[in-house]
Amino acid sequence: MYESFSMQDSNNEGITSLKVEKDQAFQANIADSIADALIATDLDYRILLWNAAAERLYGWTEKDVLGKDVHLILSTTFPDANNEEWQDHLRTRGYWQGEVNQQCKDGRQVSVLTSVSYIKDKTGTSIGTVASNRDITEWKRAQLHLQENDRSEEAEQRKDEFISVASHELRTPVTALKGYTQLLQRAFERQGMQKHAAILARMDGQLDRLTKLITDLLDTSKMQMGKVAYIKAPFDFNSWVADMITNLQTASPHTITLTGTASRKVMGDKDRLEQVLINLITNAIKFSPKAERVDIKIVSEQDTVTVHVRDYGIGIPKEHHHKIFDRFFRASYANNNFPGMGIGLYISHEIVQAHNGNIWVKSTPKRGSTFFVSLPFAQD
Ligand code: ADP
C-alpha cells in the first residue's frame with residue numbers, strides 16, 4: 001500500500017526501479033517510525049495506509065483494515081464538531097484538527113487528537129486524506145482528575161468562606177444577647193429575685209457555650225485558609241496549667257488531678273494553647289460520663305514538655321485513631337450520644353503543629369483514653 005504514494009514519485013523519468021524500491025522502503029520506514037498513528041485513505045475514506053503506531057493504538061493490523069471505511073472500523077464520533085462542520089473545514093481549508101472518540105479492536109474507547117489533511121496529486125487535485133492521530137486518553141483523564149480536584153478545592157474554599165461569614169454574623173447578636181442577659185440578671189439580683197437571676201445565670205452559661213461553638217467554627221475556617229496569627233512568648237507552664245484546671249474544676253462533676261512539673265518555661269501563644277488543653281480536658285470529661293476523675297500529668301524531657309490528659313471513659317476504637325484529628329470527624333458512637341461538631345481536635349492539632357509540637361492518642365475502648373501534647377521548651 002505504500003506503493004500508491006511512491007508511484008506518484010516514480011512517474012519521474014530516469015528513476016530506476018531500484019530507486020523506487022528504496023523509496024518505498026524508506027517511506028515505509030518513516031511511516032512506521034512516527035509515534036502517532038498515521039492513516040491514509042482515498043476520498044471515500046477507504047484505508048490505504050495504516051502504520052505501526054496505528055496498529056499499536058487500535059489493535060487492528062494493516063491487513064485487517066486495508067480498503068475498509070476508516071470511520072466504520074473505528075466507530076469515530078466527533079464530540080466538538082458535527083459531521084458537516086469538520087468536512088466543510090477540510091474541504092475549504094484543506095485540513096481539519098480536532099478531538100475524536102474512537103473504538104479499538106478490543107472495544108476500548110480512546111480519545112484521539114487528529115489532524116486530517118488532503119493528499120494532492122501533482123495537479124493539486126485531492127486524491128485522498130491523511131490523518132495523524134495522537135492518543136490523548138490518559139491526558140484527558142488526568143485533566144478531568146485535575147478539574148475534579150479544582151472543583152472540590154473550590155467547594156472547600158467556598159465552604160470555609162461561608163463558615164467564616166456565618167460565624168462573624170452570628171457573633172454580633174450573641175454578644176448583644178449576653179449583654180442583655182447579664183443586665184437582667186443583675187436587675188433581678190438587686191430586687192432580691194434570686195430564682196429569676198439563677199435562670200438568667202444559666203442562660204448566660206448557654207450563651208458562653210454558643211459563643212465557643214461560633215469561635216471554634218470561625219477558627220476552623222481561619223486555620224484552613226492559613227489566617228491564624230500566633231503571638232508567642234515564653235511563659236510559666238506549671239502555673240498556667242494549674243490555673244486552667246482550677247477554672248475547669250468549678251464547672252466539672254469530675255475531680256481533675258494534676259501531677260508533675262515542667263522544668264523550664266515554654267514558648268508559645270498562651271491563649272491558643274489554652275484552647276488545646278481545654279478541648280482535651282472537656283472531651284475527657286464529656287466522653288467519660290460514668291467516671292469520677294480525669295488525670296493530668298506533666299512530664300519534662302530534655303527539650304520538651306508533655307502533658308498527658310487521661311480519662312476512664314468510653315475510649316476510641318483503633319480504626320478511628322488516625323481520623324479523630326480530621327476536621328468534622330466524629331465517631332459514630334459520639335454522634336447521637338455526645339454533643340459536639342468534630343472540630344475541637346482538628347483545631348488542637350493545628351495549634352500544636354504551629355508550635356512545632358506533637359499531639360497523639362492512646363486509647364482502649366471501654367477503658368479510656370490518654371491524649372498527649374508535647375511542646376518545645378523556650379530557649380534560655
Ligand atoms: P467533638 O468532641 O465535638 O465531637 P472533637 O474534634 O473534640 O469533636 O473530637 C472528635 C471525635 O474524637 C469525637 O467525636 C469522638 O468520637 C472522639 N474523641 C475525642 N476525644 C475523646 C475521648 N476523650 N474519648 C473518646 N472519644 C473521643
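Colleague: Let me start with a detail: what is the bridge partner of L113 in β5?

Modeller: In this predicted model, L113 has R134 of β5 as its bridge partner.

Colleague: What makes you say that β4 and β5 pair, and in which sense do they run?

Modeller: Two strands pair if at least two bridges are found between them. Nine bridges join β4 to β5, and the strands run antiparallel, so they count as a pair by that cut-off. Their hairpin has five residues between the strands, and G124 takes a positive phi near 90° there.

Colleague: How do you know that β3 and β4 pair?

Modeller: By the same cut-off of at least two bridges: nine bridges join β3 to β4, again running antiparallel. One position to look at is W96, which stands opposite V116 in β4. These two strands also form a hairpin with five residues between them, and G107 in the turn has a positive phi of about 90°.

Colleague: And which sheet do these strands belong to?

Modeller: An open sheet of five strands, ordered β2-β1-β5-β4-β3, with antiparallel pairing.

Colleague: Why are β2 and β3 called edge strands?

Modeller: Because β2 (47-50) and β3 (95-103) each have a single partner strand, one side of each is left without a neighbour in the sheet. From one strand to the next, the twist averages 25°. Further in, β1 (residues 37-42) and β5 (residues 126-135) pair in the antiparallel sense over six bridges, and T41 stands opposite T129 in β5.

Colleague: Which strands does helix α6 lie across?

Modeller: Helix α6 (residues 83-93) lies across β3 and β4 (109-120), and runs at about 145° to β3.

Colleague: What is the strand order in the sheet that contains β9?

Modeller: That open sheet has five strands in the order β7-β9-β10-β12-β11, with mixed pairing. The edges are β7 (255-259) and β11; each has a single partner strand, so one side of each lacks a neighbour in the sheet. Neighbouring strands here are turned by 15° against each other on average, direction ignored. Helix α9 (residues 237-250) packs on this sheet and touches β7, β9 and β10 (304-311), with its direction at about 170° to that of β7.

Colleague: How many bridges join β11 to β12?

Modeller: Seven, with the two strands running antiparallel. If you want a pair to find on screen, S363 has S369 in β12 as its bridge partner.

Colleague: Why do you call α12 largely enclosed?

Modeller: A residue is buried if 20 or more other C-beta atoms lie within 10 Å of its own. Nine of the eleven residues of α12 are buried, so the rest of the structure largely encloses this helix. Among the buried ones are Y346, H349 and E350. The cover over them includes α8, α10, β11 and β12.

Colleague: Then is N356, just after α12, buried or exposed?

Modeller: Exposed: N356 has 12 other C-beta atoms within 10 Å, and 12 or fewer is the cut-off for that word. N356 sits in the loop between α12 and β11 (358-364), and has a positive phi of about 55° although it is not a glycine.

Colleague: What makes K366 count as exposed?

Modeller: K366 has 8 C-beta neighbours inside 10 Å, so it meets the cut-off of 12 or fewer. K366 is in the loop between β11 and β12 (368-376), and its phi is also positive, near 70°.

Colleague: Why is T211 called partly exposed?

Modeller: T211 has 16 C-beta neighbours inside 10 Å, which falls between the cut-offs of 12 and 20, so partly exposed is the right term. T211 is in helix α8 (residues 194-224).

Colleague: Which residues are closest to the ligand?

Modeller: The closest are F287, A331, G340, G344 and L345, in a shell of 22 residues. By class, that shell has twelve nonpolar, eight polar and two charged residues. Both α10 (270-286) and α12 (344-354) supply at least two of its residues.

Colleague: Finally, where does pLDDT stay under 50?

Modeller: Over residues 1-11, for which the model has 19 contacts beyond four places in sequence. Helix α1 (residues 3-10) has the lowest mean pLDDT among the elements, 42, and strand β9 (residues 293-300) the highest, 98. The chain as a whole averages 89, and 94% of the residues score at least 70.

Note on methods: Residues numbered from 1 in each chain as written. Predicted model: local features only at pLDDT ≥ 70, side-chain atom pairs only at ≥ 80, totals over all residues. Near = placed C-beta within 6 Å. Helix = DSSP H or I, 4+ residues; strand = E, 2+ residues; numbered from the N terminus. Nonpolar A, V, L, I, M, F, W, Y, C, P; charged D, E, K, R; others polar. pLDDT = per-residue confidence, 0-100. Contact = placed C-beta atoms within 7 Å. Axes fitted to C-alpha atoms, helices over the stretch in contact; angles between N-to-C directions.
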